[in-house]
Amino acid sequence: MTNNTYLSKNAARDVAERAPVAKADSHFDRKGLVQMTLLGLLLLLPVAAYFLGQLYYVNLASRITIIAMAAVGLNLAIGYGGMVSFGHAAYFGLGGYVAGISAYHAFDLTPFMSWPFSVPGSDSLLVVWLAAVLLCALLALAIGAISLRTTGVYFIMITLAFAQMIYYFANSWPTHGGQDGLPIYIRNTLPLVNSSNALTYFLICFTGLVLAMAITSRLMKSRFGAALTMARLNDVRLATAGISPYPIRLVAFVISAAITGLAGALYADLNGFVSPNMLSWHFSGELMVIVILGGVGRLYGPLAGAILFVMMETLLGGITEYWQFFLGLVLLGVVLFAKHGVMGWLAGSERNE
């Protein structure tokens with residue numbers, strides 16, 4: 001009798017110890033399934049559309065991918081760093097103008113600047129991407145160095161003010177289109193790849209999105225990510241551990257801007273046009289809506305939010321010009337009943353939520 005009781009207790013203890021593991025495995029399977037389904041659909045549907053001759057849907061998928069990539073950058077600042085930036089359109093637009101101005105001068109065979117040294121235009125995607133990332137990172141370093149000395153609504157308003165300054169500068173820059181925008185007459189090229197092909201360009205954008213999410217995931221699983229999370233949750237406790245929150249936030253802000261700027265360069269090439277609208281605070285608001293819809297602080301949240309946003313814009317926008325009304329209703333429902341966004345609803349909450 002004693003041996004049976006002992007064995008029963010051991011069996012109960014084993015079941016109790018295995019239950020959390022089984023629950024975690026179930027969570028992983030559901031979460032992984034949803035993530036792979038989103039990526040799989042985003043990859044396979046444009047490929048099928050291309051071979052069916054439906055290039056419109058291939059370009060639509062490229063647009064979803066690029067906007068999701070820009071939202072990945074913003075999500076790093078908002079979701080993981082707690083920095084509610086209302087000026088990320090500045091980096092998206094700057095990346096777009098880098099691509100547009102570079103292609104313009106490459107087509108016109110004129111240098112962008114000739115003093116104190118000559119800077120020629122270029123139609124190389126590698127050069128454009130590098131320039132976009134570096135310039136957006138430098139701009140974010142300057143803006144973040146000032147903005148991050150404030151918190152809350154003050155931080156929001158300062159990032160918005162800087163973005164609007166850049167918007168009005170582009171709007172009054174007649175050399176490169178001013179308020180009318182700047183057409184791009186040539187598609188920037190990539191060695192050994194035909195970037196003018198719709199499917200090829202989609203695959204380039206898709207690769208960029210996957211790399212942006214991989215970088216974000218790697219950062220957040222590192223000690224830097226742990227410090228950034230603690231800076232968001234309790235910066236005083238982080239400071240008492242001997243780590244200053246300010247440089248951690250600044251580095252995250254710069255990386256966030258660089259990702260968004262790269263997305264802007266891709267977007268300009270996709271459309272063959274760049275305008276001050278890419279710098280407008282309206283686009284900053286759209287990016288924030290996309291992050292909230294998909295799930296703030298969720299790795300695949302920007303992708304889910306971008307798919308939902310663009311599909312609503314495309315489908316409902318073809319029916320009524322007031323499609324934003326229905327977007328507002330969906331956003332209201334997410335905020336009230338699904339605080340972790342579409343990804344929280346589909347994949348369940350994270351273990352640390």
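Helices and strands here are DSSP runs, numbered from the N terminus. In this predicted model, serine 195 falls in the loop that runs between strand S3 (182–183) and helix H6 (198–220). Its relative accessible area comes to just 2%, and with the cut-off for buried set at under 20%, serine 195 counts as buried. As for its company, leaving aside residues up to four places away in sequence, serine 195 touches Leu125, Arg187, Asn188, Thr189, Leu190, Tyr201 and Ile204.

Another loop tells another story. Arginine 149 sits between helix H4 (125–147) and helix H5 (152–171), and with a relative accessible area of 64% this arginine is exposed. Its side chain still has a partner: one of its polar atoms lies 3.2 Å from the backbone oxygen of alanine 145. Arginine 149 and phenylalanine 107 are 42 residues apart along the chain, and their C-alpha atoms are separated by 43 Å.

Next come the charged pairs. In general, side chains of opposite charge can pair when their charged atoms come close. A search of the whole structure turns up 2 salt bridges. In one of them, the side chains of glutamate 313 and arginine 63 meet at 2.9 Å, taken from N to O. This pair links distant parts of the chain, with glutamate 313 in helix H11 (residues 301–317) and arginine 63 in helix H2 (residues 55–80), 250 residues apart. Glutamate 313 is partly exposed at 23% relative accessibility, whereas arginine 63, at 19%, counts as buried; the line between these two classes is drawn at 20%.

There is also a salt bridge between the side chains of arginine 249 and aspartate 235, with an N to O distance of 3.7 Å. Here the partners are 14 residues apart, arginine 249 in helix H9 and aspartate 235 in helix H8 (residues 235–240). Arginine 249 is buried, with a relative accessibility of 16%, while aspartate 235 is partly exposed at 31%.

Then there are the aromatic rings. A pair of aromatic rings is described by the distance of the centres and the angle of the planes. The structure holds 13 aromatic pairs. Take tyrosine 56 and tyrosine 57: their ring centres are 5.2 Å apart and their planes stand at 80°, so this pair is edge-to-face. Both partners are partly exposed, tyrosine 56 at 48% relative accessibility and tyrosine 57 at 46%.

Tyrosine 91 and phenylalanine 253 make up another edge-to-face pair, because their planes stand at 85°, with the ring centres 6.1 Å apart. Tyrosine 91 belongs to helix H3 (residues 89–108) and phenylalanine 253 to helix H9 (residues 245–271), so the pair ties together parts that are 162 residues apart in sequence. Tyrosine 91 and phenylalanine 253 are both buried. Along with Phe155, these two residues form one aromatic cluster.

Finally, there is a nonpolar patch at the surface. Tyr322, Phe325, Phe326 and Leu329 make up this patch, which covers about 460 Å². One of its members, phenylalanine 326, is found in helix H12 (residues 323–337). Phenylalanine 326 counts as partly exposed, with a relative accessibility of 37%.

Note on methods. Residues are numbered from 1 along each chain as its sequence is written. This is a predicted model: local features need pLDDT of at least 70, side-chain atom pairs count only at pLDDT 80 or more; totals for chains, interfaces and linings use all residues. Side-chain values use heavy atoms; hydrogens and water are left out. Helices (H or I, at least four residues) and strands (E, at least two) are DSSP runs, numbered from the N terminus. Buried means under 20% relative accessible area, exposed over 50%, partly exposed in between (1.4 Å probe, protein chains only). Contact means heavy atoms within 4.5 Å. Patches are made of residues with over 30% relative accessible area and no salt bridge: like charges are joined within 9 Å, nonpolar side chains (Val, Leu, Ile, Met, Phe, Trp, Tyr) within 5 Å. Accessible areas come from the Shrake-Rupley method with a 1.4 Å probe; for residues, only the protein chains shown count as cover. A salt bridge is a side-chain nitrogen of Lys or Arg within 4 Å of a carboxyl oxygen of Asp or Glu. A polar contact is a pair of N or O atoms within 3.5 Å; within protein, one must be able to donate a hydrogen and the other to accept it, and residues adjacent in sequence count only if both atoms are side-chain atoms. Rings of Phe, Tyr and Trp (its six-membered ring) pair if their centres lie within 6.5 Å; planes under 30 degrees apart count as stacked, over 60 as edge-to-face and the rest as tilted.
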